[in-house]
Structure formats: C-alpha cells, structure tokens
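I'm opening a fresh notebook page for this one. My plan is to look things up one at a time and jot down what turns up.

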Amino acid sequence: MKIHIITIFPESFFSYFSSSIMKRAIDSDLFEINYYKLNDFSNDNFKRVDSKAYGMHGQVISAEPLSKAIDFIFQKVWKKIPVVYMSPSWDLLNQEKIENYYEKLNWEFIIICGHYEWIDQRIIDIYVDYCVSIWEFVLSSWELAAQVFIDWLVRNIPWVLWNIQSLEEDSFSKKFNRQKEYPVYTKPEIFMWKKVPEILLSGNHKKIEEWKLDNLT
Ligand SMILES: C[S@@+](CC[C@H](N)C(=O)[O-])C[C@H]1O[C@@H](n2cnc3c(N)ncnc32)[C@H](O)[C@@H]1O
C-alpha cells in the first residue's frame with residue numbers, strides 16, 4: 001500500500017511509523033509513505049500556505065498550494081488516485097465502515113493534512129473523494145487523525161500481522177458479531193483472589209471456542 005501525505009508537519013509522523021508493527025510493515029515493503037511538505041508548493045516568498053478566512057476569524061490553508069501538491073502527486077504516479085481529507089464532522093468511522101475503505105482506496109491514495117482552522121472548501125469540492133472522521137470530537141492535529149486511519153489500514157494488509165487469528169478475533173470483527181472480544185489471561189493461574197477460568201486450562205478447544213463466544217463483552 002502506498003500513501004502520499006501532504007502536510008506542513010511531516011515530522012509528526014516519524015516517531016509512530018518508526019516502531020513496532022508500522023515499522024515492520026515499512027521494512028517489509030508492505031506499506032510505503034511519501035511525504036510532501038505543503039510549504040514547498042507555495043508561491044509566497046516566505047513559503048506561507050495560509051490566508052485569512054473570509055467572513056470569520058482565523059487562518060485557513062489556501063487552495064493554490066494544496067492544489068499544486070495534489071496535481072504534483074497525480075503527475076508523479078501517472079494516474080488519478082483517491083484523495084482523503086480528515087474531518088471531525090463527516091463519515092464517522094467504525095470497524096465495519098473502515099473495512100470498506102480498505103477496498104475503496106485501492107492500495108494507493110493521498111491524505112491531505114491541513115492546519116489552522118480548516119482548508120479552503122474548494123479543495124474539498126474539487127479534489128476530495130472521502131472525508132473521514134475518526135469520531136465525534138475535535139483534535140488539534142490533522143496528522144494525529146491521519147495516523148489513526150493509516151494504522152487501521154496497515155494493520156489489515158495481509159502479512160502485516162504475523163498471527164492472522166488476531167485480526168479475525170479482534171473486537172468488532174465479523175466473527176464476533178461486531179462485539180468486543182473476550183477477556184484473556186496468562187500465568188499465574190491464580191492472581192490475588194482471581195483464578196483463570198477452568199475451561200481455558202482444560203485443553204478442550206471446542207469448549208474454549210464456545211467459551212470465547214459466550215464471553216464477548
Ligand atoms: C482544530 S481541528 C479544526 C476544527 C474545525 N474548525 C472544525 O470545527 O471542524 C483540526 C483538524 O484536525 C482534524 N481532526 C480533528 N478531529 C478529527 C476527528 N475526530 N476525525 C478526523 N479528523 C479530525 C480535522 O482535519 C480538523 O479540521
């Protein structure tokens with residue numbers, strides 16, 4: 001999967017993508033990120049990319065540099081690829097919906113990260129295919145919302161997780177009727193006054209599977 005990220009702050013992605021599952025996916029060429037610093041597409045002498053919003057207080061990312069950055073990527077990859085904008089107020093994600101995004105985005109797409117109040121609406125009207133919200137609250141960072149979205153997509157690329165069963169048995173999976181997964185235990189068998197349920201120690205796989213489904217929370 002290839003993701004092209006337009007942002008003023010590429011460095012805010014570096015730490016998350018340089019450890020654990022994300023790093024392993026990048027090192028194994030299962031996933032690639034390309035960063036485009038929005039200021040590089042500004043015509044302004046000081047590389048500014050924002051302007052005062054009409055009719056309201058605050059600054060907004062201007063249409064020109066964003067449009068140049070998106071067109072640059074289309075030309076670079078020689079095709080029109082989906083464009084995603086993170087927004088607190090559009091298509092609210094849940095596990096079921098996000099599974100569809102995996103198909104829709106078709107292995108290569110652009111994520112626009114803005115800054116200040118918002119981005120010029122005309123970029124959304126003209127270029128954006130999907131406005132994605134990670135939930136009904138407002139973060140101060142587009143980059144953080146984008147990382148949540150990307151994490152999910154990468155986690156679901158075949159071979160990123162070595163144990164495929166962890167994907168199938170995640171909370172909200174189809175197998176678990178979109179419910180939260182069962183409780184899990186490890187050694188010791190008794191911790192303080194709490195014991196591991198007997199059935200999990202029995203070695204009876206059929207009964208253990210039944211127990212899992214009976215104990216979804
Ligand atoms: C400070 S907010 C801008 C708030 C904007 N004035 C509004 O009321 O929607 C910064 C940006 O981070 C991203 N963001 C914040 N919360 C988000 C969420 N829950 N889901 C997706 N993106 C979010 C959006 O792109 C948002 O525009």
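How far is a nitrogen atom of the ligand from a polar backbone atom of Ser87? I looked it up and got 3.3 Å. A note to self before going on: this is a predicted model.

**Entry: the ligand's polar contacts**

I stayed with the ligand and checked its other backbone partners. An oxygen atom of the ligand sits 2.4 Å from a polar backbone atom of Met86. At Leu139, I found a polar backbone atom 2.9 Å from a nitrogen atom of the ligand. I also looked up how much of the ligand is covered: on its own it has 570 Å² of accessible area, and the protein covers 83% of that.

**Entry: who surrounds the ligand**

Next I listed the neighbours. There are 16 residues around the ligand, and the ones that come nearest are Met86, Ile134, Trp135, Phe137 and Trp142. So much for names; I wanted classes too. I counted 12 nonpolar residues in the shell, along with 3 polar and 1 charged.

Which elements supply at least two residues each of that shell? I wrote down β5 (83-92), β7 (130-133) and α6 (142-155). The largest share comes from β5, with 4 residues.

**Entry: cysteines**

I went looking for disulfides and came back with 0. Why is Cys113 not in one? Its sulfur is 13 Å from the closest cysteine sulfur, the one in Cys131, and that is too far for a bond. A disulfide would need the two sulfur atoms within 2.5 Å. I checked from the other side as well: for Cys131 the closest cysteine sulfur is in Cys113, again 13 Å away.

Are these two cysteines buried or exposed? Cys113 is buried, at 0% relative accessibility. Cys131 is buried too, with a relative accessible area of 12%. I noted the cut-off here, since buried means under 20%.

**Entry: salt bridges**

On to charges. Side chains of opposite charge can pair when their charged atoms come close. I got a count of 9 salt bridges, and I looked at some of them one by one.

I started with Asp129 and Lys80, whose closest N and O atoms are 3.0 Å apart. This pair links distant parts of the chain, with their positions 49 residues apart: Asp129 is in the loop between α5 (121-126) and β7, and Lys80 is in the loop between α3 (63-77) and β5. I checked how open each partner is. Asp129 counts as partly exposed at 37% relative accessibility, while Lys80 is exposed, with a relative accessible area of 53%.

Then I turned to Asp91, which meets Lys97 in a salt bridge at 2.9 Å, N to O. Asp91 is partly exposed at 24%, and Lys97 counts as partly exposed at 32%.

Where do Lys206 and Glu210 lie? Both are in helix α9 (residues 205-214), 4 residues apart, which is about one turn of the helix. They form a salt bridge, and I read 3.3 Å between the closest N and O atoms. Lys206 is exposed, with a relative accessible area of 62%, whereas Glu210 is partly exposed at 37%.

**Entry: backbone oddments**

Last, I went through the backbone. Which two residues does a cis peptide bond join? I found Lys187 and Pro188, with omega about 0°. Pro188 is placed in the loop between α7 (164-168) and β8 (190-191).

I also looked for positive phi values outside glycine. Ser20 has one, with phi near 55°. Ser20 lies in helix α2 (residues 20-27) and is exposed, with a relative accessible area of 57%.

Trp159 went on my list as well, with a positive phi near 80°. I placed Trp159 in the loop between α6 and α7. Is Trp159 buried or exposed? At 70% relative accessibility, Trp159 counts as exposed.

How values were computed: Residues numbered from 1 in each chain as written. Heavy atoms only, no water. Near = heavy atom within 4 Å. Polar contact = N/O pair within 3.5 Å; in protein donor to acceptor, adjacent residues only side chain to side chain. Areas by Shrake-Rupley, 256 points an atom, 1.4 Å probe, with all protein chains shown as cover. Nonpolar A, V, L, I, M, F, W, Y, C, P; charged D, E, K, R; others polar. Buried < 20%, exposed > 50% of the residue type's maximum accessible area, 1.4 Å probe, protein only. Salt bridge = Lys/Arg side-chain N within 4 Å of Asp/Glu carboxyl O.
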